[in-house]
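User: I should like to learn how to read the features of a protein model. May we go through them step by step?

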Amino acid sequence: MQVQRHRSMLVAALWACTACPGDSGDTTVSSSDTDAATEPGPTSAAPTSVATDEPAPTSSTTGEPPDTTVGPTSNPTDGPDTTTDTATTTTTDTAGTDPSTDTTTGGQATAVVVHLVPQPGVNGQQRVNFAVPLAPGVLTDDTQVQVVHAGAEVATALRGLARHPDGSWRSVQIQVDLELAGETDLDVNLNTAPTAGTIDAVPVADTLVDDDSGPRVWAVLPAEWLSASRFAGPLDTETAAQGTPAQAWADKCDYDEWDHEAFLGVMGQADVWLYDRGTILYRGHARRGDLGTLRSAYLETTIYRNGLSGQGPDTEIGVPGKTGDAKYYYTQNMALHYLMTGDDRFRESAEDVAEAYDALWNPGYDGGDGFWTERHAGFGLLAYVWAMNVSDDQADQFRGLAEAAVTAYIDVQDSYPPGYDDPDARCFAHTDTAADEDFGFWGCSPWLSAILADGLDQFASDSEGAIADAARTSLVKLGRVVARDGLDSDGKPFYWMGVGDGNGAVDDYDEHWGESAYVVALAYYHDGSSDPELKQTAEDLAQGLADFGEVPHMRSFNWQCRSAVATSWFLSQ
């Protein structure tokens with residue numbers, strides 16, 4: 001195909017509780033009156049009270065007229081303040097550091113070098129806090145971690161953070177006391193009995209310079225370790241993608257241009273918060289392993305959490321003017337922050353926001369013009385799954401919400417549009433009016449579908465049985481229909497695609513190649529990595545991103561570098 005493109009006794013009690021299995025929103029506002037649906041569509045189709053976030057595509061079709069078918073206890077006092085970052089730090093890139101390969105349980109080694117970078121002016125005796133994300137099966141006993149500095153073992157405070165479905169730890173939190181005079185390394189050895197004794201844990205807040213600047217000592221793990229852990233989802237490193245079509249994301253996702261300082265300059269406008277900046281930056285960090293992405297992810301996730309108010313279903317976000325607007329309610333950023341730091345405040349806030357999302361969003365769709373988009377569906381599922389993954393006491397509640405959402409989404413996929421009977425190639429079709437658009441025909445958004453696909457894939461990874469299999473099957477159907485119906489005659493992805501009818505709205509911009517590549521790559525992987533046509537289509541779309549992709553502003557960076565950066569992992573399996 002030719003293409004044109006996230007004080008000691010009290011803390012000790014809290015740490016012990018995390019071995020248990022493993023809220024925000026305006027309940028007076030319905031999802032249907034808080035959102036401009038597709039990001040964005042024609043401005044004339046959006047309600048006057050809702051700002052669209054992107055120029056409209058051309059509402060033309062591919063040669064056929066529009067289809068008119070009708071169709072443990074929390075620690076609430078341990079919380080940060082509002083963030084404004086002015087600190088500068090030494091940038092240290094450890095992306096080329098290889099972790100030890102003495103054991104590869106779960107695809108990840110059991111020893112890693114952690115590079116410590118003190119903040120400017122920080123020296124002498126310091127309490128260093130960090131966490132090491134872990135792949136399934138790597139560590140089952142969180143007391144079996146040894147830390148070595150300059151050839152000598154040091155005393156530690158250790159705590160496992162959340163569990164994988166197999167019972168092993170998702171991450172292990174580590175605290176050590178060190179005399180620092182500059183940058184240095186720690187050797188962390190898993191499944192090794194420590195012999196240097198223990199220290200009492202302190203609240204993570206006590207290890208920070210302040211909320212504006214982050215920890216007194218940054219702890220940087222290699223990209224190879226972070227990506228192998230899959231703590232932020234299936235990802236490979238930017239280095240591994242070099243020389244492949246997937247190098248496009250390394251070239252287009254400029255984490256230095258769109259970093260924390262850039263965000264601070266525009267954070268008063270709501271649109272730059274879209275797509276969950278904390279997750280975008282933590283995923284970038286998992287692919288790069290550098291201090292810059294870690295710092296941006298850490299500080300921006302702190303800003304997001306500091307803006308929350310209320311609890312449970314009554315939690316509200318602090319995004320300017322967007323209280324009750326579900327597309328700005330995120331849990332993944334705070335879940336990832338918890339897995340990277342062990343800061344319980346972020347786990348509790350992830351639970352709150354997930355409860356709020358449930359109050360804001362009904363996952364069902366009845367085939368009418370009631371509000372429904374793939375973006376809202378996806379962020380709802382991601383909210384439930386990531387709260388489920390890190391929760392200390394509400395995991396069953398969030399799993400129930402996730403399963404109900406997946407069941408509802410599969411029903412949408414299997415039911416619409418009316419009269420369409422292909423069982424193997426199906427998207428989450430709905431009327432254009434349901435998405436606050438006016439294309440004139442039933443269809444779906446390939447690029448917004450990437451967010452729902454991300455949620456379905458993570459749900460399947462963290463679930464078992466028939467419902468996990470159904471989620472995987474759903475992803476295959478989605479990728480197949482996007483590959484077949486979601487591209488114009490030059491191979492460029494549609495902004496809005498019809499289903500089996502030849503219709504498709506042409507995108508005037510080159511900012512959505514990657515999301516369609518990701519959706520098709522997911523289908524390739526979940527279909528057994530055996531369909532050469534799916535793989536070729538995904539690679540062609542990735543090449544389209546490389547050749548024609550544009551990232552003209554922060555919002556564009558956000559959506560293009562959120563889910564689709566995982567494309568290369570799925571194509572390489």
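Analyst: Let us begin with a definition: a residue is buried when its relative accessible area is under 20%, exposed when it is over 50%, and partly exposed in between. Please keep in mind that this is a predicted model. In helix α8, 15 of the 17 residues are buried, and the helix is thus mostly covered.

User: How far apart should the ends of α8 be, and what does the model give?

Analyst: The expected span is 1.5 Å times one less than the number of residues. For the 17 residues of α8, residues 344-360, this gives 24 Å; the end C-alpha atoms lie 25 Å apart, which agrees. Helix α9, residues 374-390, can be treated likewise: 24 Å is expected for its 17 residues, and its end C-alpha atoms are 24 Å apart.

User: How many residues of α9 are buried, and what follows from that?

Analyst: In α9, 17 of the 17 residues are buried, so the helix is largely enclosed by the rest of the structure. At its start, a side-chain oxygen of T373 comes to within 3.3 Å of the backbone nitrogen of R375.

User: How does one read a sheet, and what is the strand order in the sheet of 5 strands?

Analyst: One lists the strands in the order in which they lie side by side. Here the open sheet of 5 strands reads β4-β3-β7-β1-β10, with antiparallel pairing. Its edge strands are β4 (152-153) and β10, each of which pairs on one side only. Strand β1 (residues 111-118) is joined to β10 by 4 bridges in the antiparallel sense, and H115 stands opposite V220 in β10. To strand β7 (residues 184-190), β1 is joined by 6 bridges, again antiparallel; there, V114 is opposite L186.

User: Which way do the side chains of β10 point?

Analyst: In a regular strand, side chains alternate between the two faces of the sheet. In β10 (residues 217-220), V217 and A219 point one way while W218 and V220 point the other way, and all are buried. Helix α6 lies across β1 and β10, at about 120° to β10.

User: What is the order of strands in the sheet of 3 strands, and which helix lies across β2, β5 and β6?

Analyst: The open sheet of 3 strands has the order β2-β6-β5, with antiparallel pairing. Its edges are β2 (124-133) and β5 (157-163), each pairing on one side only. Neighbouring strands of this sheet are turned by 20° against each other on average, direction ignored. Between β5 and β6 (residues 169-180) there are 6 bridges, with the strands antiparallel; R163 has W169 in β6 as its bridge partner. The helix across β2, β5 and β6 is α7, which runs at about 125° to β2.

User: Let us turn to the loops. Is T331 buried or exposed, and which residues does it contact?

Analyst: T331 lies in the loop between α6 (291-306) and α7 (332-341). Its relative accessibility is 1%, and the cut-off for buried is under 20%, so T331 counts as buried. The side chain of T331 reaches the backbone oxygen of A383 at 3.0 Å. Neighbours within four places in sequence aside, the contacts of T331 are A350, V353, A354, L382, A383, W386 and A387.

User: Where is T237, and what does its side chain reach?

Analyst: T237 is in the loop between α2 (223-229) and α3 (247-252). With a relative accessible area of 7%, T237 is buried. The side chain of T237 reaches the backbone nitrogen of A240 at 3.0 Å. Beyond its neighbours within four places in sequence, T237 is in contact with A223, E224, S227 and R287.

User: What should one look for in the backbone of a loop?

Analyst: Most residues other than glycine have a negative phi, and most peptide bonds are trans. D436, in the loop between α10 and α11, has a positive phi near 55°. S529, in the loop between α13 (513-526) and α14 (532-548), has a positive phi near 50°.

User: Are D436 and S529 buried or partly exposed?

Analyst: D436 counts as buried at 16% relative accessibility, whereas S529, at 24%, counts as partly exposed.

User: Which two residues does a cis peptide bond join?

Analyst: The cis bond joins Y416 and P417, with omega about 0°. P417 is placed in the loop between α10 (395-415) and α11 (446-461).

Methods:
Residues numbered from 1 in each chain as written. Predicted model: local features only at pLDDT ≥ 70, side-chain atom pairs only at ≥ 80, totals over all residues. Heavy atoms only, no water. Helix = DSSP H or I, 4+ residues; strand = E, 2+ residues; numbered from the N terminus. Buried < 20%, exposed > 50% of the residue type's maximum accessible area, 1.4 Å probe, protein only. Polar contact = N/O pair within 3.5 Å; in protein donor to acceptor, adjacent residues only side chain to side chain. Contact = heavy atoms within 4.5 Å. Pairing = 2+ DSSP bridges. Axes fitted to C-alpha atoms, helices over the stretch in contact; angles between N-to-C directions.
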